[in-house]
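Reader: Hey, got a minute to walk me through this one? I'd like to talk side chains and ring pairs.

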Amino acid sequence: MRALFFAVALSIVTALSGVCVCGQTPQPSPSDAGITPNQVIGEVKAIDATANRIVVKTDAGSEVAVMLTDKTSYLRVAPGEKDLKNAAKIAFTDVGEGDRVLALGKVADDHKSVPARVVVVMTKGDIAKKHEAERAEWRKRGMLGVVTALKSDSKEITISTRTAMGSTPVSIPVTEKVDMRRYAPDSIKFSDAKASNFGELQVGDQLRALGERSTDGTHFTAEKIVTGAFRTVGGIVTAVNVATGEIKVNDLQTKKPLTIVIKSDSVLRKFPSQAEMGGMMGMMGGGRPGGAGGQGAPAQSGQPPAAGNKPPQPSGGPPSGPGGGPGNGPRAGGGGFNINDILERLPTISLADVKAGDTIVVSSTKGADPTRLTAISLVNGADTLLAMLAPRPAPGAAAPNPAAGLGSGISFGIGLP
């Protein structure tokens, strides 16, 4: 959405001033890309009608007072518009808190205020509708997986997607038409992904692609690809500090302490107990084995059923108990299901719902400090999930580490738009 606002800003400057900008984008402040000498972009945090001003908070956190006069013009554009041809004239009273705005005018040297000649608005409601439509498309035509091989000569990616039937390889060719983006270190939002290319990919990256899957399920024709180097960690919670947004855990794999940082954009979910898994399998059934996330039969409500309200078991019989790995996990009758699809349908929770002693799984980008992870996604009550993912031990062999299955195709670091 940020990139769209910068594109709209450039066209607006050209249309209103009649000055040739010769393809150059106004230079942002070194410390805040939302502030340039002639414009401010951000979210409306407060409206003071008496003082004729709006307080705008940029994506970097700066607050700027947008000063308004009787000569200020107000325009509303829909998300996705590339110019002002379809812009609608609105009034100051049509601007609301939470709207995204572009204020055009000479910004004060201290970057604290701007007398606005024009205010361009994308309403909070319009943005929400746009995001929901994008999410629906990524769920329907999306693919999630972990990069297992790269062919640089043919620019072909092979990913592994994890289903109840095991790990399924899928080949994704990368052409010049594919829009590629990549998460930066310590970033947690889909919108933070930057323009990327095939050369930045690494085996082990998580990948989300939008496009069409072949009939046999082995190939995927991508229109958009988003990747990132993520860490997926399982741990036992030792302490929770709701005030600071931090969780202390012991890493199940390394046995070392870690600090999980929860930000406002982090998504926390609750995994169902083993007893509740039967109902979920019925709701997730009907998809083909290895189906892309969101391409199987979706749950009607989008949420797993509550305990005691489970639909009948599918024809494949009841789900297996914990410890099942590939070929031995819960199955939907007649087909497979995608673990990542299940994770995205789980009910959300708050940090206050996480307690000491809980088992969690956390996904994070690889940041500068390996002992601190900024959570993109966190799943609480993950004992059943880890048991589902764990490989089956050979006869007579010791049980594997509880977190042994986390690297075998599960990828929930990359969220939806």
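Author: Sure. One term before we start: buried means under 20% relative accessible area. Keep in mind that this is a predicted model.

Reader: Ok, so with that cut-off, are Tyr74 and Phe92 buried or exposed?

Author: Both Tyr74 and Phe92 are buried.

Reader: And how many aromatic pairs does the structure hold?

Author: Three aromatic pairs. Tyr74 and Phe92 make up one of them, a tilted pair with 6.1 Å centre to centre and 35° between the planes.

Reader: Where do those two sit along the chain?

Author: Tyr74 is in strand E5, while Phe92 is in the loop between strand E6 (88-89) and strand E7 (100-104). They're 18 residues apart, and the pair links distant parts of the chain.

Reader: What about Tyr183 and Phe230, and why is that pair edge-to-face?

Author: Their ring centres are 5.2 Å apart with the planes at 65°. Planes over 60 degrees apart count as edge-to-face, so this pair gets that label. Tyr183 lies in the loop between strand E13 (179-182) and strand E14 (194-195), and Phe230 is in strand E17 (residues 230-241), so the pair ties together parts 47 residues apart in sequence. Both Tyr183 and Phe230 are buried too.

Reader: Switching topic: where is Thr72 found?

Author: In the loop between strand E4 (63-67) and strand E5 (73-76). Its relative accessible area is 8%, so Thr72 counts as buried.

Reader: What does the side chain of Thr72 reach?

Author: The backbone nitrogen of Thr69, at 3.0 Å. A polar atom of the Thr72 side chain also lies 2.8 Å from the backbone oxygen of Ala116.

Reader: Leaving aside neighbours within four places in sequence, which residues is Thr72 in contact with?

Author: Ala116, Arg117, Val118 and Val119.

Reader: Last one, back to Phe92: how far apart are Thr72 and Phe92 in space?

Author: 8.9 Å, C-alpha to C-alpha, with the two 20 residues apart in sequence.

Key
Residues numbered from 1 in each chain as written. Predicted model: local features only at pLDDT ≥ 70, side-chain atom pairs only at ≥ 80, totals over all residues. Heavy atoms only, no water. Helix = DSSP H or I, 4+ residues; strand = E, 2+ residues; numbered from the N terminus. Buried < 20%, exposed > 50% of the residue type's maximum accessible area, 1.4 Å probe, protein only. Polar contact = N/O pair within 3.5 Å; in protein donor to acceptor, adjacent residues only side chain to side chain. Contact = heavy atoms within 4.5 Å. Phe/Tyr/Trp six-rings, centres within 6.5 Å; stacked < 30°, edge-to-face > 60°.
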